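The paragraphs below lead through one protein model, going from the overall fold to a single helix, then to a loop and to the pockets. Please keep the sequence and the three-dimensional view at hand while reading.

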Amino acid sequence: MDVKIAPSWKERLQAEFEKEYFEHLVHFVKDEYKKYTVFPPGRQIFSAFDHCSFDDVKVVIIGQDPYHGPRQANGLCFSVNDGIKLPPSLQNIYKEIEDDIGKKMPASGNLERWAKQGVLLLNATLTVRAHTPGSHQNKGWELFTDAVIRKISEEKEGVVFLLWGAYAQRKGVVIDRRKHKVLESAHPSPFAANRGFFGCRHFSQTNEYLKERGLEPIDW
């Protein structure tokens, strides 16, 4: 696994790459790509970091697994490639954006445009075997992404963390809430969105906070 990752991240995460768990993870992931169909494509495993440098991070959204269907996953949580049907969770995210700030639902589910504005779209697990959700959990990715969240919390100030659902909220326990804005709600999946994701107004709240800090709001 060739770790292609933006220099600002590589420098800060080098110590993680050298840890024993990460070496085991690399062997596991390489083996999986040889034996099975694994998503996202290898060159996109670290897309979240390639599209959003450490210095540019203003917002962090935490997902769980990459999508496990053909051509869906592109290395950014909740995002799919251009031309792919919008998954239900992303449809609900777009619906909340429309209700919150009045922006019409776009046709494309590719969220690279968010990443380029400083939104780190971080899945807890960066790879998955085709049609097998959870197949790459508990192999080391979660330790790595916890380290990423901790690094942002420690070295930056005033980042907005959007924690949707219990899983993301558990990962958020390492965030220093005195230095950062943490917004929590139910998950946007069809099973949970009506239990508090709809109406959370996280997108307008995020932009208000960024503007208060003199930062450019996100064009959701």
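Helices and strands are here DSSP runs, the helices being of type H or I with at least four residues and the strands of type E with at least two, and they are numbered from the N terminus. The model is a predicted one, and under this assignment the protein holds 8 helices and 6 strands. Their order along the sequence is α-α-β-α-β-α-α-β-β-α-β-α-β-α. The radius of gyration is 17 Å, close to the 17 Å that the globule rule gives for 220 residues, so the protein is as compact as a globular protein of that length. Along the principal axes, its C-alpha atoms fill a box of roughly 45 × 35 × 25 Å.

The interior can be described by burial and by contacts. Of the 220 residues in the protein, 55% are buried, and among the contacts with a separation of 6 or more, 65% are between residues 24 or more positions apart. The accessible surface amounts to about 10300 Å², with 48% of it belonging to carbon and sulfur atoms.

Helix 8, which spans residues 202-212, gives a closer view of this packing. Its buried residues are His202, Phe203, Ser204, Thr206, Asn207, Tyr209 and Leu210, and they pack against strand 2, helix 4 (88-101), helix 5 (112-115), strand 5 (160-164) and strand 6 (181-185). As background to such a list, an α-helix has 3.6 residues a turn, so residues three or four places apart point the same way. Is threonine 206, within this helix, buried or exposed? Threonine 206 has a relative accessible area of 0% and is therefore buried, since the cut-off for that class is under 20%. Apart from its neighbours within four places in sequence, threonine 206 is in contact with Val59, Val160, Leu162, Leu183 and Trp220. Just after helix 8, glycine 214 adopts a positive phi of about 75 degrees.

A loop offers another view of how separate parts of the chain come together. Glutamine 72 sits in the loop between strand 2 and helix 4, and its C-alpha atom is separated by 7.9 Å from that of proline 40, although the two residues are 32 residues apart along the chain. Once neighbours within four places in sequence are set aside, the contacts of glutamine 72 are with Tyr67, Ser79, Val80, Asn81, Ile84 and Pro87.

The pockets remain to be described. The largest pocket encloses about 480 Å³ of space, and of the 26 residues that line this pocket, Gln64, Asp65, Pro66, Tyr67 and Ser89 are the closest to its centre. By class, the lining of the largest pocket consists of 10 nonpolar, 15 polar and 1 charged residues.

The second largest pocket has a volume of about 180 Å³ and a lining of 13 residues, of which Trp164, Gly165, Ala166, Tyr167 and His187 lie nearest its centre. Which element gives the most to the lining of the second largest pocket? That element is helix 7, with 3 residues, and both strand 2 (59-63) and helix 7 (166-171) supply at least two residues each. The lining of the second largest pocket divides into 7 nonpolar, 5 polar and 1 charged residues. Strand 2 thus appears in two parts of this account, as it contributes to the lining of the second largest pocket and is also among the elements against which the buried residues of helix 8 pack.

Notes:
Residues numbered from 1 in each chain as written. Predicted model: local features only at pLDDT ≥ 70, side-chain atom pairs only at ≥ 80, totals over all residues. Heavy atoms only, no water. 1 Å grid on protein atoms, 1.4 Å probe; cavity = no way out; pocket = protein on both sides within 12 Å on 5 of 7 lines; lining within 4 Å. Points joined across faces, edges and corners; volume = space filled by probe spheres on them. Nonpolar A, V, L, I, M, F, W, Y, C, P; charged D, E, K, R; others polar. Rg over C-alpha atoms; globule rule 2.2 N^0.38 Å. Buried < 20%, exposed > 50% of the residue type's maximum accessible area, 1.4 Å probe, protein only. Contact = heavy atoms within 4.5 Å. Areas by Shrake-Rupley, 256 points an atom, 1.4 Å probe, with all protein chains shown as cover.
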